[in-house]
Amino acid sequence: MSNMALTPNIPQYWELLYEQGKDDWDLGEATPALLDFFNHSSCPKAGSVLVPAAGRGWDAEAWAKRGHDAVAIDFCSSAFDVLEKLSDSNSNLIALNTDMFLLSPNHEQMKGKQFDIIYDYFGFNSVHPGRRDEYIEMWLRMLKDDGLLLGFFCPLDEEKYGEYPPYSISRKELEVRFNGILNIEEKIVPKRSAKDKLGDRTGKEEIWLLRKIL
């Protein structure tokens, strides 16, 4: 069965991409834009971090190595196998194999926990556009009232970015979806963007710093 016959809302979709070697977004290492952001004045120096749609976990590992208590989520077994190994070798990193849409402080694996930081890179752009509002609702549940949402949005303003997710999104759509829910504190253009099998990310990504509107 082709992955095109499936939906990205289920793990089987992603399993086929990994099996077919179409995990073109995976750099095999932490994202350069994130590593540079660690040195930015707006980057929190401490705090717990939730990484939904963590994939193989390279960025989650980078947060943990920086000293943050990180929880990384993915429901695809092929990705989770690597993520779990990273977790086993890093006491600051917890790996959970679950559907991120089901996350809430009442989730059995969360035990009432909310986070100081939610780091999202490719997560928002990878879910089906019809579930974007649902994904934002998960952010709101899992983020502390004074917490920071770090949205590394990519690709921006592109009609097409490969034949499968990550789906493109416009700045205007982001502003409309966040209106009245999340305050946009800052937008940062990365100094260093990665090049992957899909092409150069330069000019296609931005870092948005967001907080709940209470």
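## Exercises: two helices and a histidine

Helices α6 and α7 are oblique to each other. This is a predicted model, in which local features need pLDDT of at least 70, side-chain atom pairs count only at pLDDT 80 or more, and totals for chains, interfaces and linings use all residues. Residues are numbered from 1 along each chain as its sequence is written, and side-chain values use heavy atoms, with hydrogens and water left out.

**Exercise 1.** Work out why α6 and α7 count as oblique to each other.

*Solution.*
- Take the helices: α6 spans residues 132-142 and α7 spans residues 171-178.
- Find the angle: they pack at about 55 degrees, with axes 11 Å apart.
- Apply the cut-offs: under 35 degrees is roughly parallel, over 145 roughly antiparallel, 65 to 115 roughly perpendicular, and the rest oblique.
- Conclude: α6 and α7 are therefore oblique.

**Exercise 2.** Name the residues that make the contact (heavy atoms within 4.5 Å) between α6 and α7.

*Solution.*
- From α6 come Arg-132, Asp-133, Ile-136 and Trp-139.
- From α7 come Glu-173, Arg-177 and Phe-178.

**Exercise 3.** Place His-40 and decide: buried or exposed, or in between?

*Solution.*
- Locate His-40: the loop between α2 (32-37) and β1 (49-51).
- Recall the cut-offs: buried is under 20% relative accessible area, exposed over 50%, partly exposed in between (1.4 Å probe, protein chains only).
- Compare: His-40 has 27% relative accessibility, so His-40 is partly exposed.
- List its partners: leaving out residues up to four places away in sequence, His-40 touches Glu-186 and Ile-188.

Technical notes: Helices (H or I, at least four residues) and strands (E, at least two) are DSSP runs, numbered from the N terminus. Axes are lines fitted to C-alpha atoms, for helices over the stretch in contact, and angles run from 0 to 180 degrees between N-to-C directions.
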